[in-house]
Structure formats: structure tokens, C-alpha cells
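Please open the model in your viewer and have the selection tool ready. The tour goes from one selection to the next.

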Amino acid sequence: MINRLLVANRGEIARRVFATCRAMGVQTVAVHSDPDADAPFVAEADQAVRLPGATPAETYLRVDLILDAARRSGADAVHPGYGFLAENAEFAAAVTDAGLTWVGPPAKVIAAMGDKLAAKALLAEAGVPMLPSWTDAGQVTDFPVLVKASAGGGGRGMRIVRDADELAEAVASASREAAAAFGDGTVFIERYVERGRHVEVQIFGDAHGRVVALGDRECSIQRRHQKIVEEAPAVVPEGVRTALHEAAVAAGRAVDYLGAGTVEFLLAPGGEFFFLEMNTRLQVEHPVTELCTGLDLVGWQLLIAEGEPLPAVLPASGGHAIEVRLCAEDAAAGWRPATGTLHRFSVGAVASEFGGLAGSGLRLDSGVVAGSVVGVHYDSMLAKLIVWGRTRAEASRLLASALFRAELHGVTTNRDLLVRVLRSPAFAAVEIDTGFLDRHPEVFDPLLPNDQVPLTALAAALAAAAHRRATAPVLSGLPSGWRNVPAVPQVTRFAGPDGEIEVRYRLDRTGRLAEWSAEHDADERHSTGQPGAVDDRAERPAVELVEATPDRVVLDVDGVRRGYRVHRVGSAVFVDGPDGAASLVELPRLPLPTTAVAAGSLLAPLPGVVTRVHVEVGQRVSAGDPLLTLEAMKLEHPVLAPIDGVVAELPVPTGGQVQTGAVLAVVDDSTAPRHDLEPSNPEEDPR
């Protein structure tokens, strides 16, 4: 029997396992890196052990440190979570060799399924359908193909290749990313199925030789081959569902599977399906299965690890559950990871956290709380929001509404994209596949329309005025900016999502909004003749001020009352309104001088490491050419030339670490030859 469990992981999955442990009376132990010392999962554990390491990411990959933590804390079992060492056969073997209970399949099963090439060969003999694959790029003659990492998952080390000229670089890039993520750069190539859907089957095996299927999931909405929307059950014909379950159980039986596992398949448009991989661990998306079945899958993992048999009768599955992964990233900027402090993290109407029975409504599994600092060392996922509904349509509507109303302040997230996906007609019609996002660029548009940004900024300005009056040491009852003789309106300037916004307004002696206007540097859809400028005075709606407090503003707009929730942190202003949310920064009335950056400078969007430099100083480049590669949050991010020109500076060498805002390169758009330029790092090999 397990008495004290160490979770060899971090964030949301550690909190998820701890929740089940508390319900079962099992004591918990967390391990953590230095950046995670104040994280919620560390605070919730009964004990916590610091893992020293050369880098924050390495700490969770040190088997010796984790085993030492188990010994020091008195743990008698280890749960690997997912990611890091969860599918590392050597780690599983080391845990059992140390006399501890391993919550997962045996090391030999992990090894067999961890090598995807060997797994394909083994399961093909068991009758599981396979796609053709190659290990030698020279053998590939038909395209498109998919380059995949042999020793990992989660979309890392994966590239779609549609042309033979791109294959060599795709293999090299995928190998580097796989080596960084999994410690093994082995990759292989398999046929790519256009418009394929990603479906998977949850299996469980016990020590008594029984393997069962606990339902299926649809995971086709992906970015960079990583799932961001998952649902259960998959919307497939019952005949296909039965065949999927039979193939998954056959795969489990072929390796004497024990514990929780997931068999992933690629479903072709015609209904034919092919094996992708078997994940020998609990999946990120396991909550949708829990909400449809009422089961605690982590609890099942612990019971099976203790030797308990699977129940003779499996529970029926009902309703529909959908999960979204809320990530710290800017979807419209090429999925650029985001960092910062979560000043507010509020999701209303949550029925449960890290658990809940079938039919329990909205569930939140989060690795963060308000005040958490989001860094660059780990995956960008902040939380999972899951909902159960009687039907798929009901579940998607509930989830979209909960996401829309959530207050997520301080860090850019993919919330707007997730809401648009859930509300899209194509999603409702189940017209989905792994290329969904590529074919629906409209889901990348922000929820807040450009023409509503001025009203949002007005609400922010009025809330700021209310705050100043509430904190004024004298005459706090007078309206902000009031004069006996009206002269000029008050002016508040903000940096907004698409440029600068200038709000002008005047309140009369009763506090009524006497006049207002706003000018917004936005795109050409609202241009009034000045490039990029939006002057709304010509078509400005009739606005009356109903209420203004420091944290809430109510406006009557053309006879319709609209409420805005306002949250201010320093100069940052976060506004949640009826059309969407905006993050604004109030600009100083008298700005201080700043250091000028050379024209053509490319700045680091976030902290990271320059892993490769593709060009030399003095080299002529075209817009879109890769200049260098920046690695952050376990992914490679290409830095491209914004214009045609000549590379004037490359101040960061290969291997150099940079902070946000650092100059990575300077491209001069001059057409004159640049023979006078010398390499900025003459001792560095830029290749």
C-alpha cells in the first residue's frame, strides 16, 4: 500500500496528483527547481525537496536527485506525471531498483513503446494498422511526409515536409529539438495524411492480465503539432469507434500493459485509421474522460500500482466533455511564448478543481494562481479548463462563455483564439482535422473589435479619474478635471493592442460626461486619411456615463448599458468588457527620454538562447530570410529578416543568452554595397 507519494513533476499535473492523494489519504512530496520554489504545487505538498541543477529545466531530469529526494522525504512510491521523465525507462527501472513503487507501466513496456520505430514493428505484428515509414531520408520519394522524434511526443521534434528540398533541414531541425527535449535526437519519417484527425483511446491494464478501453478522445485542434482542444467522446461512427477500441486493446495486450496508457491513431477522411504512438503515461487531456465516466484516473493508477484488479464492470460514459489548454503565448505572433506576472487569474463558476464527477459542469486544472510568475524555463501551458455538457453543442457554448468571462491579467494568452475556435461554425459542424488552424485564419483575430477599442480606453480613463478623485487629499467630491469655465478636455494616452490611443473627455460639475473623443492608431480598416489613425469623432456613438469607480465603469452607449471591469497595476490597465478584453498601458503625460535603438533592429521578444546564426555581417538578405534561431520554452523560434537589406550587426553569438528587448540583429535597408562592414564577432563561426 502506498503511504507517501513523490511526484517527479511540476505545475498542474503535480497539483492534480496531489488532489487525488488527499482524497485517498496518501501523503505527498513535491520536488522543485529554484524558479518553482514559490509555485502552488510546492505549497500544497506535505513535504517539498529542492532539486539543485545546472539549469532549471535540468533539475527535473536528474534521476539521482529525485531518488535522493524520495529517500530523504521517506516516500515509498513515485508518480512521474507527464513530460520530463514520465516515459523514461531508465528512470522507471531506477525507481523499482530502489525498492519504491513505480506508478506506471514496467520499464520494459516503456522502453518498447518509447522507441517509436520498434513499437510500430511490434504492434504491426499484433494487427494494429500502420503508416509506411522510413529512417533514411534518401528513401523518401513521395510527399508530403512528417518528420517525427522517435523518443518523445507532445509535438516536439515534428515537422511537415511538402518538398524534397526542405527535407534535409527539417530532419536536422527536428533532431535538434528532439535532442533538447528528450535527450535523444533520433527521428524518422512517415507518410503525412492530409486532413487527418487525431483520435485516441484511453486504456488501462492491471497486474492480472486484463486490458480495457475506457473511451476515446478527439484531439485534432493542434498548434505546432501540440493539442490545444480535446474532447470526449470522439465524433466518429460507432463501427469506427469499436474498431479503434479493439486495436487499442490489442496494442496493450501485445506488451502486457499495466496502468494508464493512451493509444493514438490518425483517422483518414474515409474512416481508415493508423497507429501513431502509445503514450505510456497519463495524458494531459485525461480530464475529459473523467468527466464523461465519473472516474478518477489518477486514483485508478494508484490502485493498480498497489496490485488491485480492474473492476469487473466498467462504468458507462455519458454526455460530452471538452478541454482547452490555456497557454502563455501570442497566437497571432507565431505562437510566441509570453512571460510575466499573472496579476489576476480568475475563472468564474468553477464547479471543481482537479476532479469532479460526470455531469459536474466547469472544472479547472491549473498550475498557476494570481501572483504566479511565468518564466521561460518550462512549457507555456498555464491551465486546463474543462466542461461537461449533455451535448457537444452545450459543452462548447459553456466553455466558450467561461473563457470569455475569465479575467487573465498580466500575461498574454491564447484565450481569444480558443473562444473563436469553440464558437466557429466549422467546429460546431465537426469539420475538424489537424490542419484546422491553417485553414481558419479568422480564429486568430482578437475578440475585441478595433472599433470598440476607443470605448474600452474611455472606460479605462474614467476609472483612472475615479481613482484619482477617491485618493485625492482635498476636494475629492469634485469631478475629475472640473473647471468653473470649461476650457480644454482631459487627455489620457494609452499604449493599446494595435497602437496608441488618445482619449479626450470632459465631465461637468455633476459628474456627467459632457464630451469625449478618441483617436486610435489602428489598421487601415478604420483609416480617416492619416495612415494608421482612427479618429472616431465623425461616427462617435452617443455615450452617457452611468457609473465610474476605480474598478468598474458603466456606460450607456446609444441606449444600451455596457459594463467594464477595470483592474490597474501600476501603469498597466486591464479592461474586461462586453466585447472582449484589452491590456492597456497608460502613457506618462511628460515622457522621459529613452535610449534610441538603431533603425532595422530586431529585438528579442522574450528571454532565450540563440542556438544558431544563419547569416554573416555584410550578407544581403531578403524579407523572410532566417537570420537566427532563438530557443525558449523548449521550442525553436526563427527570427526572420523584416525587410530586404544588408545584415549590419549580429551582436549575439551562437549559444548567447538574451533578455527581452535585447538587439539580436540589425538589417540595413540601404541598397549600397557594404564592403566597409566587418563581422561583429570575428572569432565566432556564424554558421
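The stops below cover a sheet, a helix lying across it, a buried residue and a pair of packed helices in this predicted model.

**The sheet.** Start with the open sheet of nine strands, whose order is 14-13-10-11-12-15-23-21-20 and whose pairing is mixed. Select strand 14 (273-279) and strand 20 (352-353) to find the edges; each has a single partner strand, so one side of each is left without a neighbour in the sheet.

**Inside the sheet.** Next select strand 10 (residues 197-205) together with strand 13 (residues 259-267). Nine bridges join the two in the antiparallel sense. For one example, pick I203 and look for its bridge partner in strand 13, which is G261.

**Across the sheet.** Add helix 9 (residues 238-254), which lies across strands 10, 11, 13 and 14. Relative to strand 11 (211-223), helix 9 runs at about 110 degrees.

**A single residue.** Now select T289, in helix 10 (residues 286-293). Is T289 buried or exposed? T289 counts as buried because its relative accessibility is 3%, under the 20% cut-off. Beyond its neighbours within four places in sequence, T289 is in contact with L214, R217, A232 and L297.

**Two helices.** L297 leads on to helix 11 (residues 297-305), which packs against helix 1 (residues 11-24). Their axes are 9 Å apart at an angle of about 65 degrees, and the two helices are therefore roughly perpendicular to each other. The crossing is right-handed. To see the contact, select R16, V17, T20, C21 and M24 in helix 1 with L297, V298, G299, L302 and L303 in helix 11. Seven of these residues are nonpolar, two polar and one charged.

How values were computed
Residues numbered from 1 in each chain as written. Predicted model: local features only at pLDDT ≥ 70, side-chain atom pairs only at ≥ 80, totals over all residues. Heavy atoms only, no water. Axes fitted to C-alpha atoms, helices over the stretch in contact; angles between N-to-C directions. Helix = DSSP H or I, 4+ residues; strand = E, 2+ residues; numbered from the N terminus. Parallel < 35°, antiparallel > 145°, perpendicular 65-115°, else oblique. Left-handed = near helix turned anticlockwise from the far one by under 90°. Contact = heavy atoms within 4.5 Å. Nonpolar A, V, L, I, M, F, W, Y, C, P; charged D, E, K, R; others polar. Buried < 20%, exposed > 50% of the residue type's maximum accessible area, 1.4 Å probe, protein only. Pairing = 2+ DSSP bridges.
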